[in-house]
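Reader: Could you take me through one part of this model in close detail, beginning with a single residue and working outwards to what surrounds it? I would be glad of one connected account rather than a list.

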Amino acid sequence: AYPWRERCSMDETKRQAMMSLAETVNQHIRSHEISDFRILTLEGDTLRLAGSFDLSYYHDVELTITGVSWLDLPTCFWLDLSLSEPFALTFPAKDAVSLQFTDCGAGRQGAVCFEGDLSFHTGHVSYTPKPGALEDVP
């Protein structure tokens with residue numbers, strides 16, 4: 001009845017690639033103690049999450065999730081790094097993925113359901129200006 005759903009169906013190769021990426025994300029954030037996350041942007045159906053050891057000053061990782069259909073998460077959350085999978089993926093339907101986590105700060109589960117892609121980026125983004133970076137006001 002919905003031909004576009006067939007185009008969106010996730011094949012086993014894509015499912016395995018997402019599971020592998022989730023494993024890479026979990027290994028990286030656990031080894032670098034990156035437990036603080038926040039919503040960086042939500043534009044249309046694309047969600048970007050930023051993570052670091054201390055979001056007050058910088059972030060070192062970004063997760064980009066496309067095709068978001070619903071989400072249940074606070075704007076800022078603290079991951080439980082004692083878990084082997086701080087971020088866990090499940091596949092509730094053949095064309096849907098659910099990214100789940102435990103928010104230690106609120107003591108509850110969070111989730112993002114999507115039908116698109118998941119990508120992971122690393123790099124230091126500072127929120128504080130460097131000395132001499134501010135311009136004088138005339």
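**A close look around Thr 64**

Author: Happy to! Let's begin with Thr 64, which is found in strand E3. Please keep in mind throughout that this is a predicted model. Thr 64 has a relative accessible area of 14%, and it counts as buried because the cut-off for that class is under 20%. Setting aside the residues within four places of it in sequence, Thr 64 is in contact with Thr 46, Leu 47, Arg 48, Asp 117, Leu 118, Ser 119 and His 121. Those names give us two directions to follow, and we can take the strand pairing before coming back to Leu 118.

Thr 46, Leu 47 and Arg 48 are contacts of Thr 64, and strand E2 covers residues 46-52. Strand E3, for its part, spans residues 58-65. E2 and E3 run antiparallel and are joined by five bridges. One point of reference along this pairing is Leu 49, whose bridge partner in E3 is Leu 63. The connection between E2 and E3 is a hairpin that passes through five residues.

How much of strand E2 is buried? Five of its seven residues are, so the rest of the structure largely encloses this strand. E2 also pairs with strand E1, again antiparallel, and here seven bridges join the two. In that pairing, Thr 41 stands opposite Arg 48 of E2, and Arg 48 is also one of the residues that Thr 64 contacts. E1 and E2 form a hairpin too, with two residues between them. Gly 44 sits in that turn and has a positive phi of about 65°.

A useful partner to look at beside Thr 64 is Leu 40, whose place is in strand E1, residues 36-43. Leu 40 and Thr 64 are 24 residues apart along the chain, and 9.6 Å separates their C-alpha atoms. Is Leu 40 buried or partly exposed? At 22% relative accessibility, Leu 40 counts as partly exposed, whereas Thr 64 is buried. Beyond the residues up to four places away in sequence, Leu 40 touches Arg 48, Leu 49, Ala 50, His 59 and Glu 62. Arg 48 therefore appears on both contact lists, that of Leu 40 and that of Thr 64, under a contact cut-off of 4.5 Å between heavy atoms.

Now back to Leu 118, the other thread. Leu 118 is a contact of Thr 64, and it also helps to line the largest cavity, along with Ala 22, Val 25, Leu 63, Phe 87 and Leu 99. Leu 63 in that lining is the bridge partner of Leu 49 that we met in the E2 and E3 pairing. The largest cavity holds about 40 Å³ of space, and a search of the whole structure finds one cavity of 30 Å³ or more.

Phe 87, another of the lining residues, leads on to the aromatic rings. The structure holds four aromatic pairs. Phe 77 and Phe 101 make a stacked one, with 4.2 Å from centre to centre and 20° between the planes. Phe 77 lies in strand E5 (residues 76-78) and Phe 101 in strand E7 (residues 96-103), so this pair ties together parts that are 24 residues apart in sequence. Both partners are buried: Phe 77 has 4% relative accessibility and Phe 101 has 2%. Phe 87 also pairs with Phe 101, and this pair is edge-to-face because the planes stand at 75°, with the ring centres 6.1 Å apart. It links Phe 87 in strand E6 (residues 87-93) with Phe 101 in E7, 14 residues away. Phe 87 is buried as well, at a relative accessible area of 2%. Ring pairs gather Phe 37, Phe 77, Phe 87 and Phe 101 into a cluster. A separate ring feature involves Phe 91: the charged end of Arg 15 sits over its ring, 4.5 Å from the centre.

To set this corner in the whole chain, there are two helices and nine strands, and from the N terminus the two helices precede the strands. Buried residues make up 34% of the 138 residues, with Thr 64 among them. Of the contacts with a separation of 6 or more, 58% are between residues 24 or more positions apart.

Notes:
Residues are numbered from 1 along each chain as its sequence is written. This is a predicted model: local features need pLDDT of at least 70, side-chain atom pairs count only at pLDDT 80 or more; totals for chains, interfaces and linings use all residues. Side-chain values use heavy atoms; hydrogens and water are left out. Rings of Phe, Tyr and Trp (its six-membered ring) pair if their centres lie within 6.5 Å; planes under 30 degrees apart count as stacked, over 60 as edge-to-face and the rest as tilted. Helices (H or I, at least four residues) and strands (E, at least two) are DSSP runs, numbered from the N terminus. Buried means under 20% relative accessible area, exposed over 50%, partly exposed in between (1.4 Å probe, protein chains only). A charge sits over a ring if NZ of Lys or CZ of Arg is within 6 Å of the ring centre and within 35 degrees of the ring normal. Two strands pair if DSSP finds at least two bridges between them. On a 1 Å grid over the protein atoms alone, a cavity is a set of points where a 1.4 Å probe fits but cannot get out, and a pocket is an open set with protein on both sides within 12 Å along at least five of seven lines; lining residues have an atom within 4 Å of a point. Grid points are joined across faces, edges and corners, and a volume is the space filled by probe spheres set on the points.
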